[in-house]
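Work through the exercises below with the coordinates open. Each task is followed by a solution in steps.

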Amino acid sequence: MINAIKGLIKYRDLLLMLTFRDIRIRYKQAAMGFLWAIFMPVVAVFAGILVRQAMLFVSGKSLETHNVVSIAIKVLPWTFFANSIRFSVQSLVSNRDLLTKIYFPRAVLPLSSTLACAFDFSIAAAVIPFVMLFTGIGASVQLLWIPSLLVFLFLFTFGLGLLLSAANLFYRDVKYVVDIILTFGIFFTPVFYEASDLGKWKNLMLYNPLGSILESLHRVVVLKMLPDPFWFSYAGAVSIIMFCVGLSVFYGKEQDFAENV
Amino acid sequence: MSNMIEFHHVWKKFVKGEKFNSLRDAIPNMFRKMTNPNGEPTLAEREFWAVRDVSFDIPKGGVVGIMGPNGAGKSTTLKLLSGIISPNKGEIKIHGRLSALIEVTAGFHPELTGRENVYLNGTILGMKRREIDSKFDQIVEFSGIGEFIDTPVKRYSSGMFSRLGFSVAAHMDPEILLVDEVLSVGDTAFQAKCAEKMRDLLGSGATIVLVSHNLPLIQSLCKRAILIDHGEVLKDAATDEVIPYYENTVIRQREKEFERKRQQMEGVVLQVKEQEKCLLYIFNVIIQDASGHHHESLSTEDDITFLIDYHAYEKVEQPVFRVDILRGDGVLCCSCISSESDFALAETKGRRAVRLHLGKLRLAPELYLLKVSVWDKDLIHPYAVRYKDVLKIVAEDNRLSTTAVFVPEVKWEKVEGWKPQ
C-alpha cells in the first residue's frame, strides 16, 4: 500500500494532467462552461426542497430557511460522491488504450476522475458561504470540523471508486449495478431529510457512512453543534478502512488489468 | 558492466477464446465446474504459453533487436519489459528510467488541443511537467505542426497526429528505451528526422530494445539480436549471425504457405479439367541447370532451364507453350510465350517434352511459383494449366533477400574529371 501511494506521488504530474483533461473535456464546447457545475446541484436542491416541503406538509409544519440550507450543504457532497463513483467506475475501461499500451500506476485513473469531480464540488461549494450569509445562518467555530469531514468523504469515495473501477474491469455488470444504486441512493441517504425524521430507523441511515458524514455536516453547519462523537468516529473509521481496502485490492489486481480489460 | 535489464526464465500464458467477463457468464460457468468437474474443457486446456522460459540480460548501453515471425511473442516480451503485464513465472528486473515507444498516440485525446496533448502524452509517457516546459518548443519544431498547435487534435490529419505523437515520445531522454515498429511515421523528410533522432539516442549511451520486422533497420542499429519463435528464444547472438538464421526460419514458413496455396490451386485446376475434355496433360515440369541436371534449388548465378513433360491424348495442332514466373506476393516477374520466340510445333501427339532455356535470369533469392500452360495457336483457349511448381532461388550462403525482383550484375566506378555541362 505504501508502494501504491509512492507511485501516485511519483506520477503526480500525470495525475494533474489527467484531472485537467477530465475537467476540460467535460466543459469543452459547452456554452455555459463551469456554470454547469453550479447549475446541476441547484436543480437537485430544488428537487430536495419540493420533497422536504411535502414531508413537512404531511406533518403539519412549514418549510424554514434552515431546511433549505441543510439541503444545499448535503446535496453538494452527495453530487460529488455520485459523480465520482460514476466516472471512476468507467475510468479504467474507457482508457483501455492507455491501459494496454503504456505503464503507469493505474490508480491514477480513478483518482483523476475523483479529483475532477472534486473540482466541480469546490466551484459549487464556493456559493455556499453566500447562501449562509443571505439566509442569516452565519458562521460558528464548529465550521472547523468541515475539513476533516471532507477528508472522510474523499477517502471513502476514492476507496470505493478504486474497488468498483477494478471490479467493473473484470465484470461489466458492476456498471449497471452502480447506476441503479446511485439513481435511488439519494432516497436511502439523509440528503433531502434528516436522519432523525425517521424516528427509530435513524441509526439505519447513519450506518451508511455517507449518511453519518452528511448528518455531521448538518450538525456543524446548520445546528452549530459538535458532531456526534460516535457517528463522527464511525464515519472516519469506515472511510479510512474503505480507502485502505480499496487501494490494496486495486494494487493487488493491477497487473491483471491489461490482459483482462 | 552492470545489467540494465535482467529477464530471467520468464513464462507468460494467455487464454485462447473468449473470457468470462460478465457475471451472467461466470456464475453458470462456476456451477458447471462444481457439478461437472471433468466434463467441459477447462480453462487450463485453452491456455497457451506466449512466452516460454525466456532469459536475457542487457548491459548498460546495449542496443538489442528482438525479431521473429508474427505471433512469436515479441510484443508480449516488450509488454512484460515495460510492466504493462506481469509474468506468470520468472523474474524481470529493470534498473533505470524506462520509456516505451509503443503506440505513441495512445495518450492523445481528440478534444484537446495539440499543446494540451503534448503535456498529457508527455506525462503519460513518464515525463515531468517542467521537463516538457523546457522541451516544448523543440517538440513542436520537430513535429512540424507549427501554428496548428492550439487546434484540437481531432481536426488534425492522421499524419499530423502521429507526427506529434512521435515528437513527444522522441524527446524523452530515458535510460532504457523500448521501441516497437514506430519509425515508419510521416513522409520521407520526417522519417529522416526520426532516424537521426534514433542515432542521437544511440550516441547518448541509452539502452535500447528494438522490436521490428525491418531487418535492415535492425542490422544497422543493433549489434546484438534475439530471435524469438513460438515464445522461445531460438538464437541470441551477434546480429550478423542471427539474421541469416532468421531468414531460414522465414523460408521454412513460406514454403509451408506455398504448399498450401499449391494444394488450393490444384483443386481449382482439376475442376476446370473435369469440365472440359482433357486433350493434353502436363505431367511434370523439371527445373534444370544449364547442363540439364535437375536441382531442388538454383542460385542467382545459374542458368535456368525448364523441361515440360506432357502428354497429348489427341492430336493437337500448333500448340503454344507459356511459362510465367510469379513471386510469392503475386508479382509477375517474367512471362515466356513460345510463339513470340518463333518456336512452333506443327502438331504434337503422345508423351512429349519441350525445353525452355531462360539463360541467366539473375532472380533475387526468393521462392517463385511457376505457371506453365499450353494454348491453342491464337492463345484463346488453354489446353492445360499447371500452377504448382516452385522455383527456389538461393544465394550462396542460403540467404533470402526480400527486397527486389532481380540482382543485376553490377559494376561501380568513379567518373574521372567530370564537369557538369
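**Exercise 1: helix 2 of chain A**

The model is a predicted one. Determine what covers the buried residues of helix 2 of chain A, and check the length of this helix.

Solution. Step 1: the cover includes helix 3 (35-58), helix 5 (96-101) and helix 6 (108-125) of chain A, together with helix 4 (114-124) and helix 5 (129-143) of chain B. Step 2: the residues of helix 2 that count as buried, under 20% relative accessible area, include A:Leu14, A:Leu15, A:Leu18, A:Arg21 and A:Asp22. Step 3: helix 2 has 16 residues (12-27), so at 1.5 Å a residue it should span 22 Å; the end C-alpha atoms are 23 Å apart, which agrees. Step 4: just past this helix, A:Gln29 has a positive phi of about 55°.

**Exercise 2: helices 4 and 7 of chain A**

Classify the packing of helix 4 against helix 7 in chain A.

Solution. Step 1: the axes of helix 4 (residues 65-94) and helix 7 (residues 128-135) are 10 Å apart, at an angle of about 175°. Step 2: angles over 145 degrees count as roughly antiparallel, so helix 4 is roughly antiparallel to helix 7. Step 3: A:Thr65, A:Val69, A:Ala72, A:Ile73 and A:Leu76 of helix 4 meet A:Ile128, A:Val131, A:Met132 and A:Thr135 of helix 7. Step 4: by class, this contact has seven nonpolar, two polar and no charged residues.

**Exercise 3: the largest nonpolar core**

Which residues touch the most other members of the largest nonpolar core?

Solution. Step 1: among the 76 residues of this core, they are A:Phe104, A:Val108, A:Phe257, B:Met67, B:Val118 and B:Phe166. Step 2: beyond four places in sequence, the contacts of A:Val108 are A:Leu8, A:Tyr11, A:Leu14, A:Leu15 and A:Leu18.

Note on methods
Residues are numbered from 1 along each chain as its sequence is written. Chains are lettered from A and ligands numbered from 1 in the order in which they are written. This is a predicted model: local features need pLDDT of at least 70, side-chain atom pairs count only at pLDDT 80 or more; totals for chains, interfaces and linings use all residues. Side-chain values use heavy atoms; hydrogens and water are left out. Helices (H or I, at least four residues) and strands (E, at least two) are DSSP runs, numbered from the N terminus. The expected span of a helix is 1.5 Å times one less than its number of residues. Buried means under 20% relative accessible area, exposed over 50%, partly exposed in between (1.4 Å probe, protein chains only). Contact means heavy atoms within 4.5 Å. Axes are lines fitted to C-alpha atoms, for helices over the stretch in contact, and angles run from 0 to 180 degrees between N-to-C directions. Angles under 35 degrees count as roughly parallel, over 145 as roughly antiparallel, 65 to 115 as roughly perpendicular and the rest as oblique. Ala, Val, Leu, Ile, Met, Phe, Trp, Tyr, Cys and Pro count as nonpolar, Asp, Glu, Lys and Arg as charged, and the others, Gly among them, as polar. A nonpolar core is a set of buried Ala, Val, Leu, Ile, Met, Phe, Trp, Tyr and Cys residues joined through side-chain atoms within 4.5 Å.
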